[in-house]
Every structure is written in C-alpha cells, then in structure tokens.
Amino acid sequence: MRLQGKVALVTGSARGIGKAIVGRFAAEGAVVVVSDVANEAGARETLAAVEGAGGKGMVEMFDVGDSVQVENAVKNILAAQGRIDILVNNAGITRDGLLMRMSEEDFDAVIKTNLKGTFLLTKAVSRHMIRQRSGRIVNLSSVVGMMGNAGQSNYSAAKAGIAGFTKSMARELGSRGITVNAIAPGFIKTAMTSSLPEPVQKSFMDQIPLGRFAEPEEVAELALYLASDAAGYITGQVIGINGGLYM
Ligand code: NAD
C-alpha cells in the first residue's frame with residue numbers, strides 16, 4: 001500500500017493512460033479523483049471499477065484549459081477530501097496535420113489543453129501543496145516532444161513545453177518538499193493511438209527495439225513509482241517509457 005492516506009488527482013482519467021493510473025493508485029491505497037472534460041459516463045465507470053476493487057474516490061468534471069473551472073474544481077476537491085498529495089497532469093489531445101494544413105485553431109487547442117492545462121492545474125494545486133510542505137506532481141510529456149514527428153508540430157511543441165515547464169517547477173518547488181517530474185511515453189495502446197493510420201503505426205513499430213507497443217498499465221507503474229515515497233530524491237526529470245524508440 002504505497003499510497004495509503006494520499007489523495008491523488010488525475011486529469012483526463014475517464015479512459016486510456018489516466019484510467020490505468022487511477023486504477024493503480026487506488027490499488028495502492030490512494031483516494032483517487034477521477035476527472036475529465038466531457039466523458040462523464042467514462043469517468044463514472046472508472047470510479048465504479050475502482051470502488052469494485054475495494055478502492056475509494058470521487059468524480060470531478062472540468063476542462064483543464066479553463067482557469068475558472070480549474071480553480072473551482074480544486075476548491076471542491078479540497079472541500080471534499082481535505083488535501084491533494086499527488087497531481088497527475090494527464091489530460092491531452094491531438095489535432096494532427098502537416099504545418100501547411102494546420103489551422104491556428106488546431107494549434108491553439110492543443111497548446112491550451114496540453115500545455116496551458118498543465119500550468120493551470122500546477123498553479124492551483126501547488127498553492128495547497130506548498131502549505132502542506134509536500135507533494136508529487138507528474139506531467140505527461142511524450143517521446144515526440146523529444147524527437148519531433150511530422151504532422152504533430154502543435155502536439156510536439158506542447159509536449160516539449162511540458163518538459164521545460166517540469167524542470168522550472170522542480171526548481172521552484174523543490175525547497176517546499178514537492179517533486180515535479182514528467183513521463184515521456186512512446187507508443188501506448190489507447191484510443192489516441194488506435195486512430196492513427198496503419199502505415200504510421202507500422203513505421204513506429206519498425207523503429208522500436210522492443211518490437212511492440214505498450215499497455216497503459218506499464219505507464220501507470222512508472223507514474224506510481226514517481227508518486228510514491230520511494231521516488232523522494234527524483235525531481236526535474238523527463239523519463240522515457242518508449243521501448244527504445246528514442247534514447
Ligand atoms: P486518451 O485520448 O485516451 O485520453 C485522454 C483523456 O483526456 C480523454 O479522456 C479526454 O476526454 C481527456 N481530455 C481531453 N481534453 C481535456 C480537457 N480539456 N480537460 C480535461 N480532460 C480532457 O489519451 P491517452 O493515450 O490516454 O493519453 C494520456 C496522456 O498521455 C496525454 O497527455 C497524451 O498526450 C499522453 N501520451 C500518450 C501516448 C500514447 O501513445 N497513447 C504517448 C505519449 C503521450
């Protein structure tokens with residue numbers, strides 16, 4: 001029970017990697033806050049699965065890119081649970097397209113959810129963690145933030161931005177007992193990647209030394225480690241989990 005007594009907020013956890021993270025955290029004793037923007041049925045299902053396995057939690061729906069919604073959500077969670085020990089900034093979207101065809105709206109939407117959302121949540125939650133003098137923040141970056149990817153200039157810019165943001169936050173918050181790290185997954189089997197065309201999936205597969213895509217649960221295991229007391233001396237790191245796709 002590595003997270004006994006902790007309260008963990010995981011954004012975008014109605015499905016995919018976020019869902020796997022809340023499941024893993026709850027199994028280690030954390031009270032989990034399942035949150036998402038629109039998919040309330042998915043969020044309720046995720047919570048039902050947690051509770052079915054003997055875990056505890058709540059659902060709080062909000063848009064990570066909206067500062068008013070973020071402030072209200074954090075207030076509601078603190079009123080209900082009294083504390084937030086772990087924040088996982090997992091919510092993310094893609095709006096892929098080659099530069100010449102990428103609209104300003106698609107660029108802005110990806111930056112708003114992926115990068116600004118991480119900023120807004122970190123600001124709202126770290127205020128409370130600073131008072132608590134402890135906390136763990138885990139941000140979801142991506143391998144394409146490190147190596148780039150044709151057709152994902154908006155997404156890779158946001159994910160590279162998250163790496164820089166993570167390091168700055170680690171420097172600002174370290175003296176308050178808060179660690180801030182990022183996970184940079186490679187190709188993980190979720191709805192986000194299953195929509196990629198077959199040739200794109202094949203070209204990724206050809207470049208992965210381990211010769212397979214990963215399960216969301218494998219990312220959840222790394223998130224659990226970074227969120228646990230065992231990772232107390234790790235901060236400001238961007239840790240790849242990509243089967244060797246990028247070294
Ligand atoms: P997913 O699309 O399955 O899940 C993302 C969740 O975020 C969805 O439930 C969605 O509703 C939610 N969301 C979207 N916009 C939101 C908003 N404005 N506010 C709150 N929630 C919002 O994606 P996934 O594959 O599980 O990815 C999770 C994270 O991991 C993302 O940040 C993604 O960029 C990152 N990532 C995924 C992969 C991969 O291969 N799947 C690789 C690298 C990084």
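**The ligand and Thr11**

Author: The ligand is surrounded by 26 residues, the closest being Asp36, Asn90, Tyr155, Ile188 and Thr190. This is a predicted model, in which local features need pLDDT of at least 70, side-chain atom pairs count only at pLDDT 80 or more, and totals for chains, interfaces and linings use all residues. Residues are numbered from 1 along each chain as its sequence is written, and side-chain values use heavy atoms, with hydrogens and water left out.

Reader: What makes a residue count as near the ligand?

Author: One of its heavy atoms must lie within 4 Å of the molecule.

Reader: What makes the pair between Tyr155 and the ligand a polar contact?

Author: A polar contact is a pair of N or O atoms within 3.5 Å; within protein, one must be able to donate a hydrogen and the other to accept it, and residues adjacent in sequence count only if both atoms are side-chain atoms. A polar side-chain atom of Tyr155 is 2.5 Å from a ligand oxygen, so the pair falls within the limit. For Thr190, a side-chain N or O atom lies 2.5 Å from an oxygen of the ligand.

Reader: How much of the ligand does the protein bury?

Author: Taken alone, the ligand exposes 820 Å², and the protein buries 93% of that (Shrake-Rupley method, 1.4 Å probe).

Reader: Why is Thr11 called buried?

Author: Buried means under 20% relative accessible area, exposed over 50%, and partly exposed in between (1.4 Å probe, protein chains only). Thr11 has 2% relative accessibility, so it counts as buried. The side chain of Thr11 also comes to 2.9 Å from the backbone nitrogen of Ala91.
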